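Visitor: I have a structure to look at and some questions to ask. Could you walk me through it?

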2 protein chains.
Amino acid sequence: MSRIVMKFGGTSMADLDRIRNVANRVKREVDAGNEVAVVVSAMAGTTNQLVKWCQDLSPLHDPREYDVVVATGEQVTIGLLAIALQTIGVPARSWQGWQVPVRTDHAHGKARVTEVEGETLIARMQAGEVPVVAGFQGVAPDGRVSTLGRGGSDLSAVVLAAAIKADRCDIYTDVDGIYTTDPRIVPRARKLDRISYEEMLELASVGAKVLQTRSVEMAMKARVRVQVLSSFEDKPGSLVVDEDEIMEKPIVSGIAYSRDEAKVTLRRVPDRPGIAATVFGLLAAANVNVDMIVQNLGADGSTDMTFTVGRADLARAQDALDKARPEVGFEAILADPDVAKISVVGIGMRSHAGVATTMFRTLAEKGINIQVISTSEIKVSVLVAADYTELAVRALHTAYGLDGPAA
Amino acid sequence: MSRIVMKFGGTSMADLDRIRNVANRVKREVDAGNEVAVVVSAMAGTTNQLVKWCQDLSPLHDPREYDVVVATGEQVTIGLLAIALQTIGVPARSWQGWQVPVRTDHAHGKARVTEVEGETLIARMQAGEVPVVAGFQGVAPDGRVSTLGRGGSDLSAVVLAAAIKADRCDIYTDVDGIYTTDPRIVPRARKLDRISYEEMLELASVGAKVLQTRSVEMAMKARVRVQVLSSFEDKPGSLVVDEDEIMEKPIVSGIAYSRDEAKVTLRRVPDRPGIAATVFGLLAAANVNVDMIVQNLGADGSTDMTFTVGRADLARAQDALDKARPEVGFEAILADPDVAKISVVGIGMRSHAGVATTMFRTLAEKGINIQVISTSEIKVSVLVAADYTELAVRALHTAYGLDGPAA
């Protein structure tokens, strides 16, 4: 007997047939003797429509009223799924955020969960009832409805799993697990049975958009074991767990890539103390996130400064830098949106040298020029010309021995 | 300065343009110095869709879950209207049923309101904020969402008006008031400035479908002055008030008709004590509502018994009677669905004789045969062949001096 949270996204709840399908999945876990709580998203498309209405009425709408409107999507699906479960003989009851309650702060539209009360739900589960909990929503300290931000249902599932002391939090989605890399680029990509929270965070933030980053952070903090699996196929997925639960630690677990970056170079920046603080301070003020940074000292006491920003932020970054040119005193801004960030990720790197060397040699053999390098404890990332993305990912996947049997 | 509840139905809230229009209406009342609370329905069509989903999943769905699903329609519109009001500079805040709270009993799907807390809303209104309250919904004693049954938003508006001691409850709808009869039949029908609760109840229950019967009963009980007016035109509507507020009491206020009736005659029923109790008891057991009843004693100690039932119930009524034939012992069942009920209604009848005589003479002059007659303190109803409906209504409208100027 296990206690499990099962979370189903909008695609899995898109219409009545799919909701019936979800009910059957839940019934199978119940019939196997497990205690089950379910977390659901709104029907695919619903939340977009609700957001658009608020936006159309006023781009500067009250986020408290926005939350009232957008929280309705999940209220519909919890009721429908509870009915579908009862119809096939599974005792079930819907729970809105304020009923559980899922307490949050006042940051409407992107609220942080402060506390989830699990006792009542645990008692219901022990009595044989399946709680069907609305994802994405909670209740603010003043009793108004709050929401956790787009994709927040994953987070709801994880905090609920922590609150009811679940053995596992199963996230049903439209992919069947976490892969060593994007299977659309590398057909021989392998599904990972287990992956650590830390690796998942690195893979998610560089492009493997399976699990929302905040959910993984929360799962790591609360030590919730998360399984990612397909809502349409019936086979085990990938387990995201504590490093200690992974016996054989692979040196490299996966290759990630992101084309959402742009490279900015400031030519001939005067090399004086505090110049980096000035440049990145004004980018922060313009709400531009900066990722990789390198700086080369030139012979004449000036320096070239290169960094990457989100591609969507490039124009804003250029604008902010241009305005500050008299103050900073650089010669030119060179912007290049045609870049890709390629990362190799693995907890085994901590105890193995030579990972970066393999990466650089592999890319050199394929004639791929490395523009920027950055490293962390479990990741090495390089920036290359966007045209080389697939070639680089495929070459690295093979070089680190990640290829599965031919597809 | 007045305190007003303004209620807008689904047609008035059907899209963003109409919601903006409603916001402007509310602003006008606020600008005129009034304290305003608003009650809204779901966008037209939404509730039907939500009901259909529940129905499609299971005709025998849990009414508690049904309530969770269908209550979302009003949650969307309160949020959107609050945003629309704020956008034009009117401080506003949405209130769901559980937040007010509107307390109800446990009868999910058709709950009765037990208590509405008005103090918080009054304080907000006095501070210059417009509460936007979800119609149709409340909260059951165990903290689950409940709904008041179809058309329940009118009821929400009336109970809210009572709770906040409003001077008036304005029901905005797609007609501009209560008429002396159906203007589609009688172009010279006049809009009534004032009508008593009692008359409104008689007119509503016999076919003038402007205000839900339960709302009128509640308004009468709580002495809430209700105004029915158009959300699309800008002119006063009809006021539904206590009889004491009507100075000049018209003998006849309106002519109503209903084609939803069917006539049933049982031929040669044995005339023994308790036979009526047997017949109508078995119809009640079959959930058939009986309206008008007449009984004629025949010469041979048997009787003909005639009554009307809802047309939709006719087959069920015939079936129930057929099965009981050996027990009751009548000779034949004659059923006639082609009938109409015509009623003249007016509180002035209480003090004036001759109303029924005028009715019978007028119909006789037009060659219309009266099949059944029933009367109450403020109403005389007759059953005639359905073909004569329009002719009868027009003739009576003229006979009682109700005709307005030619349209």
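Visitor: How are helix 4 of chain A and helix 4 of chain B oriented to each other: roughly parallel or roughly antiparallel?

Guide: This is a predicted model: local features need pLDDT of at least 70, side-chain atom pairs count only at pLDDT 80 or more, and totals for chains, interfaces and linings use all residues. Residues are numbered from 1 along each chain as its sequence is written, and chains are lettered from A and ligands numbered from 1 in the order in which they are written. The two helices pack at an angle of about 175°, with their axes 9 Å apart (axes are lines fitted to C-alpha atoms, for helices over the stretch in contact, and angles run from 0 to 180 degrees between N-to-C directions). Angles under 35 degrees count as roughly parallel, over 145 as roughly antiparallel, 65 to 115 as roughly perpendicular and the rest as oblique, so helix 4 of chain A and helix 4 of chain B are roughly antiparallel.

Visitor: Which residues of helix 4 of chain B are met by T72(A), Q75(A) and V76(A)?

Guide: Helices here are DSSP runs of H or I with at least four residues, strands are runs of E with at least two, and both are numbered from the N terminus. Two residues are in contact if their C-beta atoms, placed from the backbone, lie within 7 Å. By class, this helix contact has two nonpolar, four polar and no charged residues (Ala, Val, Leu, Ile, Met, Phe, Trp, Tyr, Cys and Pro count as nonpolar, Asp, Glu, Lys and Arg as charged, and the others, Gly among them, as polar). The residues met in chain B are T72(B), Q75(B) and V76(B).

Visitor: Which helix gives the largest share of the side of chain A that touches chain B?

Guide: The whole contact takes 26 residues from chain A and 26 residues from chain B. On the chain A side, helix 2 (46-57), helix 3 (63-70) and helix 4 (72-87) each supply at least two residues. That side has 13 nonpolar, 10 polar and three charged residues. The largest share, 11 residues, comes from helix 4 of chain A.

Visitor: What kind of axis relates the two copies?

Guide: Superpose the copies by least squares on the C-alpha atoms of residues with pLDDT of at least 70 in both. Chain A then lies on chain B with an RMSD of 0.2 Å, after a turn of 180° and a shift of 0.0 Å along the axis. The copies are thus related as by a two-fold rotation axis.

Visitor: Which C-alpha of chain A is nearest the axis?

Guide: Both copies use the same surface: 100% of the contact residues of chain A recur in chain B. The C-alpha nearest the axis lies 2.8 Å from it, and it belongs to T72(A).

Visitor: Which strands stand at the edges of the sheet with the order 15-16-14-17 in chain B?

Guide: Two strands pair if DSSP finds at least two bridges between them. This open sheet has four strands, and the pairing is antiparallel. An edge strand has a single partner strand, so one side is left without a neighbour in the sheet. The edges are strand 15 (290-297) and strand 17 (332-336) of chain B.

Visitor: Which helix packs on this sheet and touches strand 14, strand 16 and strand 17 of chain B?

Guide: Strand 14 (residues 261-270) and strand 16 (residues 302-310) of chain B pair over eight bridges. Helix 9 (residues 275-285) of chain B touches strand 14, strand 15 and strand 16. The helix that touches strand 14, strand 16 and strand 17 makes about 175° with strand 17, and it is helix 10 (residues 314-323) of chain B.

Visitor: How many residues of strand 13 of chain B are buried?

Guide: A residue is buried if 20 or more other C-beta atoms lie within 10 Å of its own, exposed if 12 or fewer, and partly exposed in between. G254(B), A256(B) and S258(B) point one way, I255(B) and Y257(B) the other way. Strand 13 (residues 254-258) of chain B is largely enclosed by the rest of the structure, because the buried count is five of the five residues.

Visitor: Is G128(B) buried or exposed?

Guide: G128(B) lies in the loop between helix 5 (119-126) and strand 6 (130-134) of chain B. With 10 other C-beta atoms within 10 Å, G128(B) is exposed.
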